[in-house]
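Notebook open, coffee poured. Here is what I looked up today, entry by entry.

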Amino acid sequence: MGYRIRPEADFTDEFRSAAEEQLKRAITVLDKRPEGAHEAIHAFRKNIKRLRSLYRLVSREVPEFQKRENARLRETARSLSAIRDAAAIVGTARYLQDNARNLEEAEALGRIVSILEARRDWMAEAESGLEERLHYAAGKLREAIAALDDVAFDKSHRKNARMLAKSWRRTASRAREALDACQEDTAAGDFHELRKRTYDYRLYHALLRDLWPSAMKAKRDFAKDLVERLGHINDLAVLSGLVEAEPQLFTRNDDLAHLLDAIIFRQQEDRREALRDAETLYGDDPDDEAQRLELLWVSIGN
């Protein structure tokens, strides 16, 4: 069925179906690993993020379920986080290399990428019990599928419309607050908060796309680009932290200088462009958006 909730269908059935699909996809990729462990963990974490957004959408209606399952998913993701983080740092260095401003910088960043790839592979080899952790994660996700039998929603179409509208308003309002904080300060935490809320906002447009397909797709695509840019900002901060924590990795001072200069330049550019795009994305009043969503849900579902 895909990652969606149709307004004309039973809400409980739609919710369970959307969640179960993501859980089964995550289990399959962990069990089969068609492109290796690194890509399997990356795909698994994407499914987990979609699930956590879905559960936040209904958190006020089923708070105990959301709290319990969010904790389960968070614990499961953390069990594989070290390897994924090492792979993400490699991706960040490649991003800098792809956006190098000259040949000398590109060559220096290419050597940095090789160093970080070796670090990632060493960490994967040194990671004890990786196979067991992958099986453990898949087992926790099977428990999460069974837990879906415990969740049910009201049959009232209007009540579910109000629930969705409240969640939408809360997410858009929190994103707007994070955006205001980012404009006042350049703290990495504020940009990370904006990213998380924009990720939810984007996925809500995917989940509820049947309400207004063309408009939902346009805004979802715009939000996807913003999430990616905000992700780069966060990843650059993580890479900068690695330089401070493990300076022994970088044996060539010239290469390190190019790396730090590239990080600073890219952070400034990405922040400027992210703030501009976020102003566009969150230009509508959250109350107006939520009211429009509620009206559409009721009109289509009746």
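**Thr198 and its surroundings**

I began with Thr198, which touches Ala223, Leu226, Val227, Leu230, Leu281 and Tyr282, leaving out residues up to four places away in sequence; contact means heavy atoms within 4.5 Å. This is a predicted model, where local features need pLDDT of at least 70 and side-chain atom pairs count only at pLDDT 80 or more, while totals for chains, interfaces and linings use all residues. Residues are numbered from 1 along each chain as its sequence is written, and side-chain values use heavy atoms, without hydrogens and water.

I found Thr198 in helix 8 (residues 188-207); helices are DSSP runs (H or I, at least four residues) numbered from the N terminus. Is Thr198 buried or exposed? Thr198 is buried, at a relative accessible area of 0%; buried means under 20%, exposed over 50%, partly exposed in between, with a 1.4 Å probe and protein chains only.

**The cores**

Next I checked the largest nonpolar core, a set of buried Ala, Val, Leu, Ile, Met, Phe, Trp, Tyr and Cys residues joined through side-chain atoms within 4.5 Å. Among its 70 residues, Phe15, Tyr55 and Leu208 touch the most other members. Helix 7 (residues 157-184) supplies the largest share of this core, 10 residues. I then listed the contacts of Tyr55 beyond four places in sequence: Phe15, Ala19, Leu23, Phe65, Gln66, Glu69, Leu73 and Leu148. I also noted a second, separate core of 17 residues, including Ile89, Leu236, Leu259 and Ile263.

Conventions
Helix = DSSP H or I, 4+ residues; strand = E, 2+ residues; numbered from the N terminus.
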